[in-house]
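Q: Could you take me through one part of this model in close detail? I'd like to follow a single strand and its surroundings, starting from a helix residue that packs against them.

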Amino acid sequence: MKDIKKLYFSSYKDSFPLKLYSYKGVNFLIMKVDIKKIKAIQTFELRHPLLRKGQPLSSCALDLDDDPQSFHLGGYQNKKLVGILSAMPTPCPDQKAQNGIQFRAIAVHPDHQRTGIATQLIQKAFLILDEGHRPHHIWLNARIVANTLYIANGFTPTGFPFDIHPIGTHQRFIKRMSYES
Ligand SMILES: CC(C)(COP(=O)(O)OP(=O)(O)OC[C@H]1O[C@@H](n2cnc3c(N)ncnc32)[C@H](O)[C@@H]1OP(=O)(O)O)[C@@H](O)C(=O)NCCC(=O)NCCS
């Protein structure tokens, strides 16, 4: 979280919002997305086509969706839901004694991918957890196509790639958290 530094923000009538960031000395612009907490069921709009395509809508429901410690983030541009992320109180399987959070069901609308939305959702979730739950670690099972996204956000691969039927090959990632005070 601390690796990415916001340098500048501008907004042109909210229609072309940009942020200038610096990551390890390299400056880059990303589209600003308004991120807010939403209900699990609101995420189905993107969970279904992007993560459960061809499966019944009920397959979108996740066990801890309604746990009081879970939260769901929706990223909006021009009032349209363009990205989602869910965070749930589950420790990583090899860290069961610890207070861990699992990120699940991260997805960005195809028209908005590679514009930094998933990164902003992840960074917002870090911020919320830093201000509240303060987990020992955050982990996730990533589709291997998205490996770079998680590495760029400070996660480390752990264990070997594995298959989750019928979705495909996944890699587990973990990020051990540290807090300033
Ligand atoms: C994976 C996904 C969530 C990424 O969202 P995104 O908003 O496009 O990601 P970002 O723009 O924040 O990407 C940041 C960096 O991650 C990497 N990255 C993201 N998606 C990538 C992809 N499909 N292939 C390779 N690298 C990728 C890139 O390094 C990217 O930086 P760059 O665009 O400057 O090269 C999105 O592509 C998606 O919803 N895919 C379909 C559903 C899915 O597979 N979800 C993943 C569950 S683990």
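**A strand and its surroundings**

A: Happy to! Beyond its neighbours within four places in sequence, Ala125 is in contact with Leu73, Leu85, Ala87 and Phe103. Please keep in mind that this is a predicted model.

Ala125 also appears, with Leu85, Ile106 and Leu121, among the residues with the most contacts inside the largest nonpolar core, a set of 30 residues. Strand 5, strand 6, strand 7, helix 2 and strand 8 each give two or more residues to this core.

Now for strand 6 itself, which spans residues 80-88 and is mostly covered, with seven of its nine residues buried. On one side, strand 6 pairs with strand 5 (residues 71-77) in the antiparallel sense, over seven bridges. Within that pairing, Ser86 of strand 6 stands opposite His72. The hairpin that joins strand 5 and strand 6 has two residues between the strands, and Asn78 takes a positive phi near 50° there. Strand 6 also pairs with strand 7, again in the antiparallel sense, over five bridges; here Gly83 faces Val108 of strand 7.

The wider setting includes a ligand. Strand 7 (100-108) and helix 2 (117-131) give two or more residues each to the shell around the ligand, as do helix 1 (40-51), strand 8 (137-143) and helix 3 (147-152). The shell comprises 19 residues, and the closest are Gln113, Ala118, Thr119, Ala146 and Leu149. By class, twelve shell residues are nonpolar, five are polar and two are charged.

Methods: Residues are numbered from 1 along each chain as its sequence is written. This is a predicted model: local features need pLDDT of at least 70, side-chain atom pairs count only at pLDDT 80 or more; totals for chains, interfaces and linings use all residues. A residue is near a molecule or strand if its C-beta atom, placed from the backbone, lies within 6 Å of it. Helices (H or I, at least four residues) and strands (E, at least two) are DSSP runs, numbered from the N terminus. Ala, Val, Leu, Ile, Met, Phe, Trp, Tyr, Cys and Pro count as nonpolar, Asp, Glu, Lys and Arg as charged, and the others, Gly among them, as polar. A residue is buried if 20 or more other C-beta atoms lie within 10 Å of its own, exposed if 12 or fewer, and partly exposed in between; C-beta atoms are placed from the backbone. Two strands pair if DSSP finds at least two bridges between them. A nonpolar core is a set of buried Ala, Val, Leu, Ile, Met, Phe, Trp, Tyr and Cys residues joined through C-beta atoms within 7 Å. Two residues are in contact if their C-beta atoms, placed from the backbone, lie within 7 Å.
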